[in-house]
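Me: I want to go through this model one feature at a time. Keep the answers short and show the reasoning.

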Amino acid sequence: MAEDKSKRGSTGLYAKEGQTNNGFVQNEDILETDLDPSSPAAGPQHNTVDILGPGEPDVKDVRPYAGMPKEVLFQFSGQARYRIPREVLFWLTVASVLVLIAATIAIIAISPKCLDWWQAGPMYQIYPRSFKDSNKDGNGDLKGIQDKLDYITTLNIKTVWITSFYKSSLKDFRHGVEDFREIDPIFGTMKDFENLVAAIHDRGLKLIIDFIPNHTSDKHAWFQWSRNQTGKYTDYYIWHDCNYENGITIPPNNWLSVYGNSSWHFDEVRKQCYFHQFTKEQPDLNFRNPDVQEEIKEIIQFWLSKGVDGFSFDALQFLLEAKHLRDEVQVNKTQIPDMVTHYSQLHHDFTTTQVGMHDIVRSFRQTMNQYSREPGRYRFMGTEAHGESITKTMVYYGLPFIQEADFPFNNYLSKLDKPSGNSVFEVITSWMENMPEGKWPNWMTGGPDNVRLTSRLGEKYVNIMNMLVFTLPGTPITYYGEEIGMRNILTANLNETYDVGTLFSKSPMQWDNSSNAGFSEGSHTWLPTSSDYHTVNVDVQKTQPRSALKLYQELSLLHANELLLSRGWFCYLRSDNHSIMYTRELDGINRVFLVVLNFGESSLLNLKEMISNIPTRVRIRLSTNSAYSGREVDTHAVTLASGEGLILEYNTRNLLHRQTAFKDRCFVSNRACYSRVLNILYSLC
């Protein structure tokens, strides 16, 4: 009986205690009464709500209270006033999640592909022997490049491109490599390279390097083993029987070296001729040998594992030669065969771009893709195919479903020697019209093997050419020193064997007006500095508001910040012998950049006649003459001096690429539209 009372007492709800339990009231209608002690009601009985009865408890007059058992809680939770809000909140949460998922999928589906790092900003090409000397020996080196990385960042550069620094005798500048896994002592050590890579990445930059897989130096270990017919290395190079009498070689065929004369050279050790597309110190590798291809693959992997972000592959058109060794056809068939000694005198149908060559290039791409799987670590692949036709050059982009190069380097502007609107227009349209759909263009104004821009076109065209490459669609590429208008040196005294014709564009970088132009603190430099370094140098131009360097920095900053330039349509309006005009525009942005570049004599342009909806007055966003930037001009009469360029800005909703008349005169690589409401790009335009 006592146990029964205990159970009931433990589960009973006391009226008085219920009224004061954490502020919750059991039943406001139950009033506490003063009971007579002698009354039976004053005994040990309590006013309780029994929840242990066999039937369902009656909670009609009971409110929720803290600490109530789950049986009571379930009774309350089933009531409509609690159940319905709970279900509404649940389904609202489900609907919100579904909407967010759908919105995310939709945004991903309609978003254009993001620009990769090699598309987002300019590349800066450095010839390492001429950039900065850190140890006073007169030669630029890797530590010198690292010392000047802060300067490179002021140019808004995204990618540093360093030409060949492999261990080499430096024959033909950089092509005769003795060991693809070693740094030439002139440039430093492998530790210096690793430090440079880390410093480049610390600044948010990327690094690409040169690689010429076609040939090695004749001092390379592979060649030494091959000439001695050692194991698998016997066929690492292209050997063939030939006649050699009285110091005269009778080659197997009429194939010629790029530098002239026969491309076959007799080897005294092996008593056979080996093939060389370039100098005799640079024997061609035999890429029909799978072991050679595997060696090259391992070299690519070696440098990628060192942190390199990409390669520029050079001389790829020479990777394979025809097996049959038939003579190549003479350009002038009436010419005496023994007199044919210059490379240009033959059609090189059997020694360039052979069937299977692009398969090898694709294998390079596949190797690099293995290192591109980490987010943000895509490995870039560029190809140099100098001398190829525009049609053959475009093949390096690959096929719609077979990837090769991200782009072949476009050096056609580097070859212009006479400035004119028509010649520039032809270079631009030739590339854009032949480029496969969806691919990315690029533009170079110079390089190690080209005459510098100032010496080729003239000082007044430096700014206009920099404005050109920064306002065209694609990646601008700058050869060191072009941002300050460096020119070729006039003389070059050098004891080493070089192609002297390309020496003059490799003079030391001009940093300031101190001794050796700030390039070296040594007593001499490997090449003389240009005579104008006292006025044409980085330090001087940093303080001049109208200098080439200042304009270059403004152009690179505009390119980085304007979607019109990085993602917009390119529509050309006109070109003649004097000028070229084009617009950059993007759906969703009601602004247009009109670029006007004058390569001829001073001229007066009526823009109203060319663009009917252009406002009467437009703003000069940027000018090669910085005094004009920010001003307005009358579009009925725009005066341009020789070598002057303008980036004009105006508002319009009538974009040219939507007009039928400009349908075949507008190009875009990755089409995108801009939403001002959501501040995003989308592809369903």
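Me: What length does helix 10 reach from its first C-alpha to its last?

Reply: This is a predicted model, so the values are computed from predicted coordinates. Helix 10 covers residues 290-305, which is 16 residues. At 1.5 Å a residue, 22 Å is expected. The span in the model is close to that, at 23 Å.

Me: Which residue has a side-chain oxygen that reaches a backbone nitrogen at the start of helix 10?

Reply: The backbone nitrogen belongs to Asp 291. A side-chain oxygen comes to within 2.9 Å of that nitrogen. The oxygen is on Asn 289.

Me: Which residue takes a positive phi just after helix 10?

Reply: The buried residues of helix 10 include Val 292, Ile 296, Trp 303 and Leu 304. Just after the helix, phi turns positive, at about 105°. The residue there is Gly 307.

Me: How many salt bridges does the model have?

Reply: Side chains of opposite charge can pair when their charged atoms come close. The cut-off is 4 Å between a side-chain nitrogen of Lys or Arg and a carboxyl oxygen of Asp or Glu. By this rule, the count is 25.

Me: How many residues apart in sequence are the parts that Asp 449 and Lys 506 tie together?

Reply: Asp 449 and Lys 506 form a salt bridge, with the closest N and O atoms 3.4 Å apart. Asp 449 lies in the loop between strand 16 and helix 14, and Lys 506 in the loop between strand 17 and helix 16, so the pair joins parts separated in sequence. The separation is 57 residues.

Me: Is Lys 506 buried or exposed?

Reply: Its partner Asp 449 is partly exposed, at 36% relative accessible area. Buried means under 20%. Lys 506 has 0% relative accessibility, so Lys 506 is buried.

Me: What is the relative accessible area of Glu 482?

Reply: Glu 482 meets Arg 452 in a salt bridge, at 4.0 Å from N to O. The pair links distant parts of the chain, 30 residues apart. Arg 452 is buried, at 0% relative accessibility. Glu 482 is also buried, with a relative accessible area of 1%.

Me: Which strand holds Arg 619, the partner of Glu 649?

Reply: Glu 649 and Arg 619 form a salt bridge, their closest N and O atoms 2.7 Å apart. Glu 649 sits in strand 25, so the bridge ties that strand to a part 30 residues away in sequence. Arg 619 lies in strand 22.

Me: Which residues are linked with Arg 619 in a network of salt bridges?

Reply: Arg 619 is partly exposed, at 36%. Glu 649 is buried, at 10%. Both belong to a network of salt bridges. The others in it are Glu 562, Arg 591 and Arg 621.

Me: Which strand gives the largest share of the lining of the second largest pocket?

Reply: The second largest pocket holds about 450 Å³. It is lined by 19 residues, and among the closest to its centre are Pro 251, Asn 253 and Val 340. Strand 8 and strand 9 each give two or more residues. The largest share, three residues, comes from strand 9.

Me: How many charged residues are in the lining of the second largest pocket?

Reply: The lining divides by class. Nine of its residues are nonpolar and eight are polar. The charged residues number two.

Me: What volume does the largest cavity have?

Reply: The search finds seven cavities of 30 Å³ or more. The lining of the largest one has three nonpolar, seven polar and four charged residues. Its space is about 90 Å³.

Me: What volume does the second largest cavity have?

Reply: Its lining includes Trp 440, Arg 567, Arg 584 and Phe 667. By class, that lining has five nonpolar, five polar and two charged residues. The space comes to about 70 Å³.

Me: Is Asn 679 buried or exposed?

Reply: Most residues other than glycine have a negative phi. Asn 679 has a positive phi, near 55°, and lies in the loop between strand 27 and strand 28. The cut-off for exposed is over 50%. At 54% relative accessibility, Asn 679 is exposed.

Key: Residues are numbered from 1 along each chain as its sequence is written. This is a predicted model: local features need pLDDT of at least 70, side-chain atom pairs count only at pLDDT 80 or more; totals for chains, interfaces and linings use all residues. Side-chain values use heavy atoms; hydrogens and water are left out. Helices (H or I, at least four residues) and strands (E, at least two) are DSSP runs, numbered from the N terminus. The expected span of a helix is 1.5 Å times one less than its number of residues. Buried means under 20% relative accessible area, exposed over 50%, partly exposed in between (1.4 Å probe, protein chains only). A polar contact is a pair of N or O atoms within 3.5 Å; within protein, one must be able to donate a hydrogen and the other to accept it, and residues adjacent in sequence count only if both atoms are side-chain atoms. On a 1 Å grid over the protein atoms alone, a cavity is a set of points where a 1.4 Å probe fits but cannot get out, and a pocket is an open set with protein on both sides within 12 Å along at least five of seven lines; lining residues have an atom within 4 Å of a point. Grid points are joined across faces, edges and corners, and a volume is the space filled by probe spheres set on the points. Ala, Val, Leu, Ile, Met, Phe, Trp, Tyr, Cys and Pro count as nonpolar, Asp, Glu, Lys and Arg as charged, and the others, Gly among them, as polar.
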